[in-house]
Amino acid sequence: MVDDPGWEVMPDGGRPNGRSCAHLQLLGTPGVTQVAGCKDCLSRGWRWVRLRLCVTCGNVGCCDSSRGMHAHDHYMRSGHPVVHSLASDEDWAWCFVDQVFLTHPRESRSGHPRP
């Protein structure tokens, strides 16, 4: 991914000393806009809730609210730290390593979606 200086760590009132992310340089605009779905769920005949794009390799997996939690599983197997939400109504990313949401400053900050 191309570096996008528009990404930043979402403020977290529960962590008054702030958080940082060592992986912001991985973020850019996702190159994938439409996918068939989570390939691991598709191979099992399962449904998913939301899809996440690995910004390191482009793997698409389902979110933690999905039965398979395949985006998280991909992180555990690969060590690739950041996923970007592919949901059309979401524009955020999650860093598994630093455990922070990443957003664009112009984005609304109403609530935290699940990775």
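Two strands count as paired here if DSSP finds at least two bridges between them. With that in hand, welcome to this predicted model. Its six-stranded sheet is open, and its strands pair in the antiparallel sense. Strand β6 makes a good starting point, with A93 and L102 as one pair of bridge partners.

**The sheet as a whole**
- Reading across the sheet, the strands come in the order β1-β6-β5-β4-β2-β3.
- The edges belong to β1 (8-9) and β3 (60-62); each has a single partner strand, so one side of each is left without a neighbour in the sheet.
- In general, strands of a sheet pair through backbone hydrogen bonds, in either a parallel or an antiparallel way.

**β6 and its partner β5**
- Four bridges link strand β5 (residues 92-95) to strand β6 (residues 100-103), and the pairing is antiparallel.
- Along this pair, W92 sits opposite T103 of β6, while A93 has L102 as its bridge partner.
- The two strands form a hairpin with four residues between them. In that turn, Q99 has a positive phi of about 55°.

**β6 and its partner β1**
- β1 and β6 run antiparallel and are joined by two bridges.
- Here V9 stands opposite L102 in β6.

**Side chains of β6**
- V100 and L102 point one way from the strand, whereas F101 and T103 point the other way.
- All four of these residues, V100, F101, L102 and T103, are buried.

**A helix across the sheet**
- Helix α2 (residues 70-78) lies across three strands: β2 (51-54), β3 and β4 (82-85).
- Relative to β3, helix α2 runs at about 120°.

Notes:
Residues are numbered from 1 along each chain as its sequence is written. This is a predicted model: local features need pLDDT of at least 70, side-chain atom pairs count only at pLDDT 80 or more; totals for chains, interfaces and linings use all residues. Side-chain values use heavy atoms; hydrogens and water are left out. Contact means heavy atoms within 4.5 Å. Axes are lines fitted to C-alpha atoms, for helices over the stretch in contact, and angles run from 0 to 180 degrees between N-to-C directions. Buried means under 20% relative accessible area, exposed over 50%, partly exposed in between (1.4 Å probe, protein chains only).
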